[in-house]
Amino acid sequence: MSQSYPRNVVVLYRRILELHRHLPPKAREVGNAYAREEFRLHKTIDPVMRNRFLLEWEQYVMALREQLATGMSLGADMDAGSLSSEQREQIQSLEKEIRSKLTSGDSQSGSPV
C-alpha cells in the first residue's frame, strides 16, 4: 500500500491480511483481492465516509478474529433485505469471482470442492 494512506488505514489493512493467512487458500485469495480492491477504491473518500469504511472493516476484523479463535464457522448471518442494491451487486460480483476461482482450482488441482 502506498505511503499516501494514513497510518491507521495501513495498520488495519495489514491486520486483515494477517487474519486472512489463517483462512483456507481459496478464501484467502479471494479475501485478499476483495480487501485490496476495496481499500484502493476508497482511497480518496471524504473523512466521514472513511470513518464509516474503517469502522466496517474493524468490525470484520473483530468478527473474523473471534471466528478463527473459537473455531466457529466462517461468515456471518445476514438479512438480505437490509442490503442496498449496491451491496447486493457487490455480493453477486464476489460470488461470481468465488465460483470462478473454485472452478479454475478444480481443473488445476483435480480435487473436489
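How many Å should the 24 residues of helix 3 span, and how far apart are its end C-alpha atoms? I looked this up to begin with: at 1.5 Å a residue the expected span is 34 Å, and the end C-alpha atoms are 34 Å apart, so the two agree. The expected span is 1.5 Å times one less than the number of residues.

A note on the source: this is a predicted model, where local features need pLDDT of at least 70, side-chain atom pairs count only at pLDDT 80 or more, and totals for chains, interfaces and linings use all residues. I number residues from 1 along each chain as its sequence is written, and side-chain values use heavy atoms, leaving out hydrogens and water.

Next, the overall layout. I found four helices and zero strands in the chain (DSSP runs numbered from the N terminus, with helices being H or I of at least four residues and strands E of at least two). Of the 113 residues, 20% are buried (under 20% relative accessible area, 1.4 Å probe, protein chains only).

Then I turned to a helix pair. Helix 1 (residues 7-20) and helix 3 (residues 47-70) pack at about 30 degrees, with axes 10 Å apart (lines fitted to C-alpha atoms over the stretch in contact, angles running from 0 to 180 degrees between N-to-C directions). That makes the two roughly parallel (under 35 degrees). Their contact (heavy atoms within 4.5 Å) includes Leu12 and Ile16 of helix 1 and Trp57 and Leu64 of helix 3.

Last, I checked the inside of helix 3. Phe53, Leu54, Trp57, Val61, Leu64 and Gln67 are buried there, and the buried residues pack against helix 1 and helix 2 (25-41).

Note on methods. Angles under 35 degrees count as roughly parallel, over 145 as roughly antiparallel, 65 to 115 as roughly perpendicular and the rest as oblique. Buried means under 20% relative accessible area, exposed over 50%, partly exposed in between (1.4 Å probe, protein chains only).
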